[in-house]
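This report is written for a reader who is meeting the structure for the first time. Please keep the sequence and the model at hand while reading, and look up each place as it is named.

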Amino acid sequence: VKVADLPAQALARRLGRGGLDLRLGPFIARIESPIPAVAEGITELWAEAAVVEEGFADFHVRLAPPGGVRRWLRPQVCFEFDGVSPFLPLPLDQAFAFLEWGLNWCVANHAHQYLVLHAAAVERDGGVAILPAPPGSGKSTLCAGLIARGWRLLSDELTLLSLATGAVAPLPRPVSLKNESIEVIHRFAPDALLSAPCHDTTKGSVAHMRPPATSIARDDESALPAWILFPRFRAGAPLEVAPRSRARTFMAVVDNAFNYHVLGGAGFDAVASLVDRCGCFDLTYGDLTEAVEAVAAVDRIAGERQPS
Amino acid sequence: MACHASPVAWGLPPGLRWHAWAGEVVAYHPGSGDTHLLSPVAGAVLEAVAGGAHDEAAIASAVASRLDLNNGDGLAVMVEEAIATLARLGLLEPVAP
């Protein structure tokens with residue numbers, strides 16, 4: 001059963017009482033919320049996600065308004081994980097974005113069977129391109145552009161690198177787009193389904209792009225990394241693809257890992273193996289179309305620009 | 001007053017992890033949990049010690065070979081400084097000669 005198969009009333013009832021168990025890649029999240037915007041966001045953006053009928057859930061989360069006068073005066077939403085609120089409340093109209101951010105926190109802080117990277121990951125022809133980058137670098141924009149041109153979405157925000165196999169496990173959830181990126185993707189991929197922007201968040205205006213159904217359908221198929229690309233968007237910049245030193249790539253991957261410090265030597269080994277197997281590049285871009293084409297041809301482009 | 005002579009032989013501490021790519025070396029110290037990107041000379045020192053060079057003369061000779069440098073006084077000073085840095089970081093430790 002998929003989310004899209006559930007009538008709206010049944011979905012709201014489950015969210016309101018007992019929780020809706022959704023499969024998110026290797027995890028099952030039990031989500032409770034009486035807030036209509038959460039149900040609407042799930043219906044719109046997670047339509048293809050599998051509903052799990054019974055059994056164990058990895059993460060138990062709840063989004064609900066706080067008590068007191070906040071119910072009526074500038075209403076807010078609290079995020080709870082196992083009954084504890086790790087964050088301050090946010091304005092109620094940010095409820096669905098809060099669910100996405102909260103689930104990111106759940107995975108980053110608890111999924112230590114993986115090296116968890118702050119990175120997008122997309123796959124084509126069996127090879128995974130990992131795009132680690134800090135906020136504002138154009139990572140999610142490039143990720144959205146790539147999946148709009150046929151790459152499989154493994155993750156927009158959290159790349160899960162298996163310590164056991166070195167493969168990337170899919171976590172195909174909505175792609176988070178911010179500010180100007182929303183309009184960029186509207187123009188680049190007019191058929192992509194984007195949520196209505198949520199304004200005045202701590203990240204500015206945020207909209208989410210529904211992940212491709214084909215990516216959700218393959219959310220149990222891991223794939224091996226082939227490239228590590230550090231994207232950097234600069235308005236008006238010409239496309240530049242430059243090979244990176246592997247040791248500096250290693251350190252940059254560590255900088256973008258959420259749980260490297262938790263994993264100790266296993267984390268070191270995982271990053272070393274990752275860097276060993278991948279082509280490592282910086283990708284500076286000012287035009288999304290050029291960048292998407294460059295990722296598809298990164299080995300050739302980098303080879304052409306390397307000194308002989 | 002006791003007189004402490006400088007250790008004359010160096011080894012890798014237990015549990016140290018390191019990886020080299022074309023002369024660039026990163027190393028992980030399990031005690032501190034810190035990961036270091038080493039300078040070319042420090043990386044060559046670590047590789048030399050891992051390769052079986054333990055006294056400073058042998059280390060300097062191996063480093064000169066790895067980095068294609070003259071094994072003179074200047075290199076000896078750089079190697080000595082690199083050894084001191086690596087020892088301070090816990091990436092090398094004195095061993096019985």
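## A loop residue of chain A

In this predicted model, Asp219(A) lies in the loop that connects helix H6 (213-217) with strand S14 of chain A. Although it belongs to a loop, Asp219(A) has a relative accessible area of 9% and counts as buried, because that value falls under the 20% limit used for the term. Once the neighbours within four places in sequence are set aside, the residues in contact with Asp219(A) are Arg23(A), Gly25(A), Pro170(A) and Pro172(A).

## Strand S16 and its partners

The strand that follows the loop, S14, covers residues 224-233 of chain A and pairs with S16(A) in the parallel sense, over seven bridges. One of the residue pairs that can be named here is Phe230(A), whose bridge partner in S16(A) is Asp282(A).

Strand S15, residues 240-243 of chain A, also pairs with S16(A), but in the antiparallel sense and over four bridges. Here Glu240(A) has Thr284(A) as its bridge partner in S16(A). How much of S16(A) itself is covered, and how many of its residues are buried? Strand S16(A), which runs over residues 279-285, is mostly covered, with six of its seven residues buried. As general background, side chains in a regular strand alternate between the two faces of the sheet.

## A residue in helix H7

Val254(A) is part of helix H7 of chain A, which takes in residues 246-255. Its relative accessible area is 14%, so Val254(A) is buried as well. Beyond the neighbours within four places in sequence, Val254(A) is in contact with Tyr260(A) and Val271(A). A further distance helps to place this part of the chain: Val254(A) and Phe268(A) are separated by 14 residues in sequence and by 8.5 Å in space, taken from C-alpha to C-alpha.

## Chain A as a whole

Chain A contains 11 helices and 16 strands. Its radius of gyration is 19 Å, which agrees with the value near 19 Å that a compact globule of 308 residues would have, while the C-alpha trace spans about 70 × 40 × 35 Å along its principal axes. Of the 308 residues, 55% count as buried, and among contacts with a separation of 6 or more, 70% involve residues 24 or more positions apart.

The surface that chain A exposes comes to about 13300 Å², with carbon and sulfur atoms supplying 52% of it. The chain carries 28 positive and 34 negative charges, and the mean positions of these two groups are 3 Å apart.

## Chain B

Chain B has three helices and five strands, and from the N terminus on its elements follow the order β-β-β-β-α-α-α-β. The radius of gyration of chain B is 13 Å, close to the 13 Å that the globule rule gives for 97 residues, so chain B is as compact as a globular protein of that length. Along its principal axes, the C-alpha trace of chain B spans about 45 × 35 × 20 Å.

What share of the 97 residues of chain B counts as buried? The share is 37%. Among contacts in chain B between residues at least 6 apart in sequence, 57% join residues at least 24 apart. The accessible surface of chain B amounts to about 5200 Å², and 54% of this belongs to carbon and sulfur atoms.

Note on methods:
Residues numbered from 1 in each chain as written. Chains lettered and ligands numbered in written order. Predicted model: local features only at pLDDT ≥ 70, side-chain atom pairs only at ≥ 80, totals over all residues. Heavy atoms only, no water. Buried < 20%, exposed > 50% of the residue type's maximum accessible area, 1.4 Å probe, protein only. Helix = DSSP H or I, 4+ residues; strand = E, 2+ residues; numbered from the N terminus. Pairing = 2+ DSSP bridges. Rg over C-alpha atoms; globule rule 2.2 N^0.38 Å. Contact = heavy atoms within 4.5 Å. Areas by Shrake-Rupley, 256 points an atom, 1.4 Å probe, with all protein chains shown as cover. Lys, Arg positive; Asp, Glu negative; His and termini not counted. Charge placed at Lys NZ, Arg CZ, Asp CG, Glu CD.
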